[in-house]
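Follow the chain through this predicted model. The walk starts at a loop residue and ends at a covered helix.

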Amino acid sequence: MDSKSGTGTSDQGEPGKRKVGMGKVGKRKGSARSETGREPAYTVGLDIGGTKILGALLDPEGEVVGTVRRTTVHGADGLVAGAAAAVRDVIASGGVELVHLAGVGLGIPGIVDHRSGTVKHAVNLGVHDDELALAELLSDELGGVPVVVENDLNVAAVGAAHVLERSGGERDHEDLAFLALGTGLASGLVLDGQLRRGVSGAAGEIGHIPVDPLGPECSCGQRGCLERVASGKALEAAWPSRHGKPSPVELFEAARAGDQAAIVVKDRFAEATASAVRLLVLTTDVRHVVLGGGVAQLGAELLDAVQDALREQAKVSPFLGSLKLAERVQLAPTHVPVAAVGAAVLGRRN
């Protein structure tokens with residue numbers, strides 16, 4: 001089961017690995033094929049969060065041809081109905097009929113069993129202890145269209161790989177970590193074109209690696225976890241919002257204005273995020289680390305701060321310097337809903 005939260009597929013192959021095929025998706029007409037072999041075949045992906053549902057429609061060539069945004073309705077019945085409405089809205093925006101869908105993918109927080117298509121403990125969505133058979137229920141609402149359910153960070157990683165590869169034309173984007181700087185800290189991994197979940201779905205849970213044994217207690221029960229210094233919640237604790245703007249925005253504005261206390265907090269956060277990047281590269285040696293999540297909305301200013309911190313850290317170690325860590329970091333694409341795109345890619349079931 002997948003435990004990551006922002007943060008069930010029918011796997012073919014060993015558990016924890018599924019060839020997602022970003023480099024192959026949609027490169028030829030009709031490469032996304034429905035269960036009955038009908039063409040043209042489109043796929044829809046939904047990124048379901050606590051307040052909104054973002055949807056994306058991919059055409060048979062892997063291009064985004066429609067997007068939608070809806071308010072999330074909490075509770076099992078509302079979740080299924082809202083997802084079904086989002087699917088219908090996004091295909092309508094692209095002039096596509098339901099019969100032309102090869103599949104639907106969902107990215108959702110909580111404990112996801114990608115094999116059975118169930119989710120539980122998605123507390124921000126009103127889903128608690130009981131398993132919700134989300135894939136089956138949504139498929140029924142959509143007249144039998146195949147539905148796969150995946151952890152939200154995993155679909156974000158797949159979506160980032162898909163979008164970056166198509167925009168840059170390089171297959172090496174199939175090897176990346178999506179580092180989500182949200183309320184918590186975690187990552188999704190696409191390694192050599194394969195989505196890596198891990199045996200228990202915990203691959204990429206670097207936020208719960210202790211970095212300071214004397215540090216503050218973490219919600220996971222350990223002390224001094226990386227999440228306590230490199231996450232949106234950590235920033236809010238270190239620099240509470242004072243003027244109604246998001247804490248990261250106010251912090252960076254104050255640092256830009258020369259506030260020395262803000263500069264210290266900003267630099268500390270950049271160093272902690274750089275440590276998360278270093279950890280991902282040293283454990284997986286991915287070509288790219290993509291910064292996403294709420295804090296990443298800061299954009300280039302955040303990227304510059306993290307890259308500067310990586311360069312400083314590399315000065316004391318020729319080994320780190322040889323890894324060119326700063327060059328591996330980039331921001332998640334913002335022109336499309338990346339997680340929804342990743343869900344649509346996984347919905348292709350190729």
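K324 is partly exposed, with a relative accessible area of 47%. The residue is found in the loop between α8 (318-322) and α9. Its phi is near 50 degrees, a positive value in a residue other than glycine. Most residues other than glycine have a negative phi. H121 also has a positive phi, near 55 degrees, and is not a glycine either. H121 lies in the loop between β7 and α2. At 33% relative accessibility, H121 counts as partly exposed.

Now turn to the sheet. In what order do the five strands of the open sheet lie? The order is β4-β3-β2-β5-β8, and the pairing is mixed. The edges are formed by β4 (64-71) and β8 (147-151), each of which pairs on one side only. On average, neighbouring strands of this sheet are turned by 20 degrees against each other, direction ignored. Strands of a sheet pair through backbone hydrogen bonds, either parallel or antiparallel.

Take the pairs in turn. Strand β2 (residues 42-48) and strand β3 (residues 52-58) run antiparallel and are joined by six bridges. Within this pair, T43 of β2 stands opposite L58 in β3. Next come β3 and β4, again antiparallel, with seven bridges between them. Here L57 stands opposite G66 in β4. The two strands β3 and β4 form a hairpin, with five residues between them. In that turn, G62 has a positive phi of about 85 degrees.

Two helices lie across strands of this sheet. Helix α1 (residues 76-93) lies across β2, β3, β4 and β5 (101-108). It runs at about 145 degrees to β4. Helix α2 (residues 134-141) lies across β5 and β8. The angle between α2 and β8 is about 145 degrees.

Look at α2 from both sides. Which of its residues are buried? They are L134, A135, L138 and S139. These four cover an arc of only 125 degrees around the axis, so they sit on the same side of α2. The cover over the buried residues of α2 includes α1, β5, β7 (118-120) and β8. The face turned away from the buried side carries E136 and D140, both exposed. After α2 comes G143, whose phi is positive, near 75 degrees.

The next topic is the nonpolar interior. In soluble globular proteins, nonpolar side chains tend to be buried together. The largest nonpolar core here has 43 residues. Which of its members touch the most other members? They are L179, V277, L291, L302 and L310. Several elements each supply at least two residues of this core: β9 (176-181), β10 (185-191), α5 (247-256), α6 (260-284), β12 (288-292), α7 (300-314) and α9 (325-328). Helix α6 gives the most, with ten residues. Consider V277. Not counting residues up to four places away in sequence, V277 touches L179, V289, L291, V306, L310 and V329. Apart from the largest core lies another, of 33 residues. Among its members are Y42, V112, V119 and V145.

Helix α5 also holds a polar residue worth a look. S247 has its place in this helix. Is S247 buried or exposed? With a relative accessible area of 4%, S247 is under the 20% limit and therefore buried. Its side chain reaches the backbone oxygen of L235 at 3.4 Å. What else is in contact with S247? Leaving aside neighbours within four places in sequence, the contacts of S247 are L235, E236, W239, P240 and S241.

The last stop is helix α10 (residues 338-346), which is mostly covered. How many of its nine residues are buried? The count is nine of nine. They are V338, A339, A340, V341, G342, A343, A344, V345 and L346. Set α10 beside α2: in α2 the face turned away from the buried side carries exposed residues, whereas in α10 nine of nine residues are buried.

Methods
Residues numbered from 1 in each chain as written. Predicted model: local features only at pLDDT ≥ 70, side-chain atom pairs only at ≥ 80, totals over all residues. Heavy atoms only, no water. Pairing = 2+ DSSP bridges. Axes fitted to C-alpha atoms, helices over the stretch in contact; angles between N-to-C directions. Contact = heavy atoms within 4.5 Å. Core = buried A, V, L, I, M, F, W, Y, C linked by side-chain atoms within 4.5 Å. Buried < 20%, exposed > 50% of the residue type's maximum accessible area, 1.4 Å probe, protein only. Arc of directions from axis to C-beta. Polar contact = N/O pair within 3.5 Å; in protein donor to acceptor, adjacent residues only side chain to side chain.
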